[in-house]
Amino acid sequence: MSVYSKTSKTKRNDLRQKNVQAICDGNGLLMTTRCYDGNVSDVVMDMDSLDFLAKHIDCSRSYVCADCKLAMAGPILKTIDLDLGFVTKCPLKFADKIHDDVVRSVMLGWMDESAKHEGRYIYDTHSEVELDGRVMDLRFVAYRLPNAYSDAVKFYRTKAFSAMESRLVSLKRELFHCEKDAREAFDIVMGTDKEGIFRSDVDVFIDERKRKEDPEGPCWRAYFRNLRIDDGSLDRAASEYSINVLITNLPSADVSADNLRFGATADDIVDIYLGEFDIEHVFRLGKSGLGVDHMFLHTPSRRNLVVFLTSIAPMI
């Protein structure tokens with residue numbers, strides 16, 4: 001049924017929602033969908049999907065590819081218990097932040113150039129991780145695509161810079177009771193720059209107009225000036241940002257097997273994951289509304305029908 005939820009990606013939490021879990025084959029063809037209440041978690045839907053697949057495929061000869069929502073203890077452990085292969089993106093907080101450990105290893109070492117794709121670089125490693133008290137060996141493949149570094153630099157110089165500038169502009173509207181509070185507030189805003197690439201001067205002063213209006217109230221302000229980027233820190237941050245990390249249990253191989261479930265090169269692991277973008281195109285079609293304007297549906301059966309039609313439309 002459709003329910004209210006606080007997780008709407010469109011921020012329209014005032015509307016009832018449904019979730020639709022979809023499974024595509026390796027060619028991006030939508031094979032099956034299932035509806036859930038709008039407040040059902042991704043983990044529940046992923047676990048159900050794995051159970052569904054276990055009944056319809058030979059897990060020992062198959063693998064799944066999904067976004068980073070699959071990379072949680074429950075789904076990962078289930079794929080292993082089912083003897084099902086998987087490839088997924090490594091979230092930043094997965095398994096004691098092993099993502100950061102892999103990136104640091106790459107930064108301290110080197111990446112091999114892809115034998116198949118010019119400009120792609122790869123780092124392949126294994127590591128033991130603990131999930132819900134179970135220790136297992138998983139494979140981690142880090143990769144950097146062509147232009148990823150320059151795209152990262154552009155991101156920091158544009159979107160990240162604008163975001164930091166916006167936070168500092170908002171700070172200018174705040175009033176503080178003393179100089180110490182004003183400086184601490186400025187430091188907190190600058191501390192949101194986790195990569196440490198931004199630098200800024202600050203003027204902390206008493207707003208005389210505010211003090212005259214309310215002698216006992218807050219009257220200190222913190223105004224930033226000369227926000228800038230440290231080039232050395234930018235180079236390090238962009239290098240790290242341009243590295244993506246995947247998790248898989250597919251065996252390593254110098255030459256990929258005919259069935260990648262039995263052995264895959266790091267290059268092919270990356271190809272599997274990047275192939276998911278074709279599947280995401282199918283999902284985007286389903287979530288786009290398919291060109292239909294607003295509809296007013298007053299009964300659950302009609303809402304279910306629209307969800308069903310939206311699910312099968314990308315198959316056509």
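**Exercise 1.** Classify the residues that line the second largest pocket of this predicted model: how many are nonpolar, polar and charged?

*Solution.* Start with the lining, which holds 19 residues. Sort them by type: eight are nonpolar, two polar and nine charged. Next, look at the centre. Leu92, His99, Asp100, Glu195 and Glu240 lie nearest to it. Then assign elements. α3 (98-108), α7 (231-241) and β10 (244-248) each give two or more residues to this lining. Finally, take the volume: the pocket holds about 610 Å³ of space.

**Exercise 2.** Find the non-glycine residues with positive phi in two loops, and state whether each is buried or exposed.

*Solution.* Recall the background: most residues other than glycine have a negative phi. Take the loop between β6 (121-131) and β7 (134-144), where Asp132 sits. Its phi is about 50°. Asp132 has a relative accessible area of 63%, so it is exposed, the cut-off being over 50%. Move to the loop between β7 and α4 (148-171), which contains Asn147. Phi of Asn147 is near 70°. At 56% relative accessibility, Asn147 is exposed too.

**Exercise 3.** Which residues of helix α8 are buried?

*Solution.* Helix α8 spans residues 266-274, and eight of its nine residues are buried. They are Ala266, Asp267, Asp268, Ile269, Val270, Ile272, Tyr273 and Leu274.

**Exercise 4.** Which residues make the nonpolar surface patch of about 290 Å²?

*Solution.* The patch is made by Leu305, Phe308 and Leu309. Place Leu309: it lies in helix α10 (residues 300-312). Check its cover. Leu309 has a relative accessible area of 44%, so it counts as partly exposed.

Key:
Residues are numbered from 1 along each chain as its sequence is written. This is a predicted model: local features need pLDDT of at least 70, side-chain atom pairs count only at pLDDT 80 or more; totals for chains, interfaces and linings use all residues. Side-chain values use heavy atoms; hydrogens and water are left out. On a 1 Å grid over the protein atoms alone, a cavity is a set of points where a 1.4 Å probe fits but cannot get out, and a pocket is an open set with protein on both sides within 12 Å along at least five of seven lines; lining residues have an atom within 4 Å of a point. Grid points are joined across faces, edges and corners, and a volume is the space filled by probe spheres set on the points. Helices (H or I, at least four residues) and strands (E, at least two) are DSSP runs, numbered from the N terminus. Ala, Val, Leu, Ile, Met, Phe, Trp, Tyr, Cys and Pro count as nonpolar, Asp, Glu, Lys and Arg as charged, and the others, Gly among them, as polar. Patches are made of residues with over 30% relative accessible area and no salt bridge: like charges are joined within 9 Å, nonpolar side chains (Val, Leu, Ile, Met, Phe, Trp, Tyr) within 5 Å. Accessible areas come from the Shrake-Rupley method with a 1.4 Å probe; for residues, only the protein chains shown count as cover. A salt bridge is a side-chain nitrogen of Lys or Arg within 4 Å of a carboxyl oxygen of Asp or Glu. Buried means under 20% relative accessible area, exposed over 50%, partly exposed in between (1.4 Å probe, protein chains only).
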